[in-house]
Amino acid sequence: MKQDIVPAEALKKEFYSFDVSNKEKEWILNHTMMQQYIVVTHGTQGKDEFFRDHPELSKTKNKTRITKKTRFGYCTWCHQSFILPDTWTIKKASRFYDQFETYECPHCHRKHELISGYRGLGNKSIKRQVTFFSRSRKSKNVILAKVVAAVLPIENGYRDCKLQTYIVGMMRLEIGKPTTYYVRNAYYYDGNFCHSFFWGEAGGEDDIGRPWIRRKTIGYGLATEWENFGFAEYADYDALNQIIKTSAWKYCGKDEYYTSENQPRYACEIEKYLDLYSRFPQIEYLIKSGLANIVKAKLNGDTTKPAVFWRKYKNPKDMLRVKLSKEERKWIFELHQTGKDVSVNALNILTIQQQLKRRCTLSDAIAVESCYWLLHGNILNDLRFMDLHSLVAYCSRQLAKARGKDGDNPWKNVNVGTICRDYIDYYEEIKRLGYDLNDRTYIRPRDLYEAHRHTSELLRIRHEAKMKVMRQKELELQKAGLAKQVKNLQSYVFTDGTYLIRPLRTVDEFIREGSVNHNCVGTYITRCAQGHTAIMAIRKIDDPDTVFYTMEIQDNKIMQCRTKNNVPVAQGTAIDDFVKLYEKMILKPKQQLRREGA
């Protein structure tokens with residue numbers, strides 16, 4: 001494809017009217033802002049505004065019926081005011097949203113939200129992002145799109161507010177040529193569009209938005225960016241459909257792809273589809289053949305290989321690498337008519353099996369499509385794994401056997417694909433156990449679930465034995481490390497005649513210390529064995545075997561000293577004096593020696 005990108009200035013000139021026209025503004029108001037507000041006022045201000053709108057009533061007897069409690073409503077859609085019925089109340093329609101109850105205006109007969117004309121006007125501007133489609137000046141076969149940010153600033157004056165618009169994106173679509181897509185950033189603040197709130201950022205050509213930036217791909221970025229600012233997304237699809245019907249785009253298959261059940265949420269979704277058609281007109285054949293899921297996967301960025309190769313072929317059928325019989329093509333089309341398109345995963349499975357020259361039909365691939373990511377890779381390429389036709393037949397028999405054994409109720413929602421997943425798990429287990437994969441007894445057991453339970457139990461026993469060996473090795477390393485640490489910590493042993501402090505010597509001592517004192521000292525065994533920290537036991541001289549206090553020392557500093565239930569040493573007690581004496585006599589000199597050595 002020839003990469004002739006149209007510059008932004010040249011693209012603007014292709015529009016018949018690049019600026020937002022009065023007709024387009026009217027479309028925005030009539031199609032995107034139908035529901036507005038009925039603003040409620042009262043008192044002297046509301047009374048004066050009402051008589052200003054209806055001067056004929058100020059000279060009639062109706063004037064005497066209006067009191068200070070009379071409320072007035074002003075419709076922002078038809079710009080008519082009226083006396084509000086007493087039954088109309090301002091309240092939220094839902095506790096989860098900021099939408100208020102709607103009432104029908106007696107003049108325009110449209111339902112609008114009822115809001116207060118005083119505090120209720122805050123943040124009530126109506127914001128929309130609208131995409132307009134048109135033809136190019138140069139060719140009727142070129143589709144142009146411009147994205148307009150539109151705001152009706154209600155809070156800046158609900159009686160005389162005017163629609164504010166600004167173009168934030170434009171696009172050019174032509175069959176056989178690359179799509180040109182430009183966007184520019186802008187912000188809406190205090191009733192006006194501006195380019196930025198930060199100093200030093202250059203404005204665009206109109207000094208409102210930023211300069212035009214070309215985007216290489218069409219995505220949700222622009223729509224979601226403005227949606228985050230409160231701009232709801234709309235598009236003039238009627239204009240687009242009219243352009244498509246009377247141009248070379250009439251064969252694009254948009255109406256067949258976007259059915260009533262598959263309507264686009266954003267305009268960029270249709271733009272992505274048209275961009276794909278401009279590069280690969282062959283998608284018309286895919287859609288009309290009932291293979292719309294291939295197009296959907298491509299638009300969503302999912303893999304379609306090896307079933308489809310996205311290259312430009314003269315014959316659209318050459319894009320499909322999967323071989324389908326006449327009956328299978330007819331079946332695919334019939335499924336498409338019922339809204340059940342064949343998935344891309346099923347086509348990929350069928351293609352791989354055909355490339356490996358293994359037996360598989362389209363119905364077999366559809367049956368195991370839910371297992372695609374389990375089959376994908378080593379399993380499908382493993383020649384010892386049975387072909388999918390045999391797999392589906394075997395799993396169907398196993399499902400029938402399970403239903404005959406346990407009844408239909410437990411297996412009511414189970415299909416052949418579920419049995420295939422269980423078989424794949426079983427196959428992986430017998431490979432790990434080293435069974436002969438050429439032995440039919442292992443490959444096709446009479447009772448799949450009984451064999452599966454047996455292999456799972458064997459793997460569990462093997463895993464437990466392996467873990468036991470690992471724990472034994474870890475225990476030996478801990479014992480050796482603790483024995484080495486006990487020798488290194490002999491200089492930390494200290495007594496004052498009443499209390500004794502010494503290191504914990506064995507794994508059993510660590511476990512007993514944590515069990516009696518109800519703390520986590522047992523988890524420090526590995527760290528102590530590796531020399532990262534030291535756990536010392538404080539005992540009474542006259543009762544050395546009873547667990548008392550536990551102390552952690554790291555870098556010759558006491559990190560913690562606790563007794564039962566992690567209770568720390570109480571200030572002013574005998575044990576507190578002993579700990580301070582130990583710190584002064586043993587730890588402080590070692591800290592000093594370490595500093596002098598450094």
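Start by selecting Glu 509: this residue is buried, with a relative accessible area of 19%. You are looking at a predicted model, so treat each stop as a feature of that prediction. Glu 509 pairs with Arg 505 in a salt bridge whose closest N and O atoms are 3.5 Å apart. Now click on the partner: Arg 505 has 41% relative accessibility and counts as partly exposed.

**More salt bridges**

Next, select Arg 594 and Asp 555. Their closest N and O atoms sit 3.5 Å apart, forming another salt bridge. This pair links distant parts of the chain, 39 residues apart: Arg 594 belongs to helix α22 (residues 574–597), while Asp 555 is in the loop between β17 (549–554) and β18 (557–562).

Then bring up Glu 14, Arg 172 and Glu 174 together, which are joined into one network by salt bridges that share partners.

For one further pair, select Lys 254 and Asp 255. The salt bridge between them has its closest N and O atoms 3.3 Å apart. Is each partner buried or exposed? Asp 255 is exposed, with a relative accessible area of 52%, whereas Lys 254 counts as buried at 9% relative accessibility. How many salt bridges does a search of the whole structure find? The count is 20.

**Backbone stops**

Go back to Asp 555 and look at its backbone this time. Its phi is positive, about 55°, although Asp 555 is not a glycine. Now move along to Asn 566, in the loop between β18 and α22. Asn 566 also has a positive phi, about 60°, and is not a glycine either. With 34% relative accessibility, Asn 566 counts as partly exposed. Why pause at such places? Most residues other than glycine have a negative phi, and most peptide bonds are trans.

That brings us to a peptide bond. Select Lys 305 and Pro 306: the bond from the one to the other is cis, with omega near 5°. Pro 306 lies in the loop between α10 and α11.

**The loop between α10 and α11**

Stay in this loop and select Val 308, which is found there too. Val 308 counts as buried, at 0% relative accessibility. Add Val 344 and draw a distance: the two C-alpha atoms are separated by 9.2 Å, with the residues 36 apart along the chain.

Turn on the surface and select Lys 298, Lys 305, Arg 311 and Arg 321, which gather there in a patch of positive charge. Of these, look at Arg 321, placed in the loop between α10 (292–299) and α11 (326–337). Arg 321 counts as partly exposed, with 36% relative accessibility.

**Across the chain**

Now select Leu 433, in helix α17 (residues 416–433). At 13% relative accessibility, Leu 433 counts as buried. Add Gly 221, 212 residues away along the chain, and draw the line between the C-alpha atoms: they are separated by 50 Å.

**Zooming out**

Finally, show the whole chain as a cartoon, colored by secondary structure. There are 22 helices and 18 strands to find. Rotate the view, too: along its principal axes the C-alpha trace spans about 110 × 80 × 60 Å. The radius of gyration is 39 Å, whereas a compact globule of 598 residues would have one near 25 Å. Buried residues make up 45% of the 598 residues in the chain.

Notes. Residues numbered from 1 in each chain as written. Predicted model: local features only at pLDDT ≥ 70, side-chain atom pairs only at ≥ 80, totals over all residues. Heavy atoms only, no water. Patch = residues over 30% accessible without salt bridge, like charges linked within 9 Å, V, L, I, M, F, W, Y side chains within 5 Å. Areas by Shrake-Rupley, 256 points an atom, 1.4 Å probe, with all protein chains shown as cover. Salt bridge = Lys/Arg side-chain N within 4 Å of Asp/Glu carboxyl O. Lys, Arg positive; Asp, Glu negative; His and termini not counted. Charge placed at Lys NZ, Arg CZ, Asp CG, Glu CD. Helix = DSSP H or I, 4+ residues; strand = E, 2+ residues; numbered from the N terminus. Buried < 20%, exposed > 50% of the residue type's maximum accessible area, 1.4 Å probe, protein only. Rg over C-alpha atoms; globule rule 2.2 N^0.38 Å.
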